[in-house]
Amino acid sequence: MDFLYRAPGPIMEAQARLRELAKHDAALLPLIADGVFSRQTLEAVRAYQRARGLPVTGQLDLATWNRLMHGEQLPIGSLEGV
């Protein structure tokens, strides 16, 4: 999903999701949701992929996106204020 690298909306969504997951999973890295695919975002995506047994590419590919956005349960109320 190469378009995710260029589109701030999906990047910010992924960053917000990673940030919330990191609050409940020490294997993940804290992250600021700013819509920029920075080095920090790259490392957070790699940590997520590693922790979830996905291929560690650092890319928001289809498998990573689907698992991140549709395959994770967050505690109730954890996305308030995003």
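The accessible surface of the protein chain comes to about 4700 Å². Carbon and sulfur atoms account for 57% of that surface. The model is predicted. The chain has 82 residues, and 43% of them count as buried. Its secondary structure consists of 3 helices and 0 strands. Read from the N terminus, the order of elements is α-α-α. Among contacts in the chain with a separation of 6 or more, 43% join residues 24 or more positions apart.

Helix H1 was examined first. Helix H1 spans residues 8-22. Its length agrees with expectation, because 15 residues at 1.5 Å a residue should span 21 Å and the end C-alpha atoms are 21 Å apart. The buried residues of H1 include the nonpolar-core candidates Ile11, Leu18 and Leu21. Pro10, Ala14, Ala16 and Ala22 are also among the buried residues of this helix. The buried list further includes Gln15, Arg17 and Glu20. The packing partners of these buried H1 residues are helix H2, residues 39-52, and helix H3, residues 62-70.

Two residues of H1 illustrate the burial. Ile11 lies in helix H1. Its relative accessibility is 1%, so Ile11 counts as buried under the 20% cut-off. Ile11 is also placed close to a residue outside H1 in the numbering: Asp34 lies 23 residues away in sequence, with a C-alpha to C-alpha separation of 8.1 Å. Glu20 belongs to helix H1 as well. Glu20 has a relative accessible area of 3% and is therefore buried, the limit being under 20%. The side chain of Glu20 makes a polar contact of 3.0 Å with the side chain of Lys23.Helix H3 was considered next. The buried residues of H3 are Thr64, Trp65, Leu68 and Met69. These four lie on the same side of H3, because they cover an arc of only 105° around the axis. An α-helix has 3.6 residues a turn, so residues three or four places apart point the same way. The cover over the buried residues of H3 includes H1 and H2.

Thr64 is one of the residues of helix H3. Its relative accessible area is 1%, so Thr64 is buried, the limit being under 20%. Beyond its neighbours within four places in sequence, Thr64 is in contact with Val45, Tyr48, Gln49, Leu54 and Gln59.

The nonpolar interior was then traced. The largest nonpolar core has 17 residues. Leu18, Phe37, Tyr48 and Leu68 have the most contacts inside this core. H1, H2 and H3 are the elements that give two or more residues to the core. H1 gives the most, with 5 residues. In soluble globular proteins, nonpolar side chains tend to be buried together.

Which residues are in contact with Tyr48, leaving aside its neighbours within four places in sequence? Leu18 and Leu21 are among them. Leu28 and Leu54 are also in contact with Tyr48. The remaining partners are Thr64, Arg67, Leu68 and Glu72. Of these partners, Leu18 and Leu68 are named with Tyr48 among the residues with the most contacts inside the core.

Methods:
Residues are numbered from 1 along each chain as its sequence is written. This is a predicted model: local features need pLDDT of at least 70, side-chain atom pairs count only at pLDDT 80 or more; totals for chains, interfaces and linings use all residues. Side-chain values use heavy atoms; hydrogens and water are left out. Buried means under 20% relative accessible area, exposed over 50%, partly exposed in between (1.4 Å probe, protein chains only). A polar contact is a pair of N or O atoms within 3.5 Å; within protein, one must be able to donate a hydrogen and the other to accept it, and residues adjacent in sequence count only if both atoms are side-chain atoms. The expected span of a helix is 1.5 Å times one less than its number of residues. Contact means heavy atoms within 4.5 Å. The arc is that of the directions from the helix axis to the C-beta atoms. Accessible areas come from the Shrake-Rupley method with a 1.4 Å probe; for residues, only the protein chains shown count as cover. A nonpolar core is a set of buried Ala, Val, Leu, Ile, Met, Phe, Trp, Tyr and Cys residues joined through side-chain atoms within 4.5 Å.
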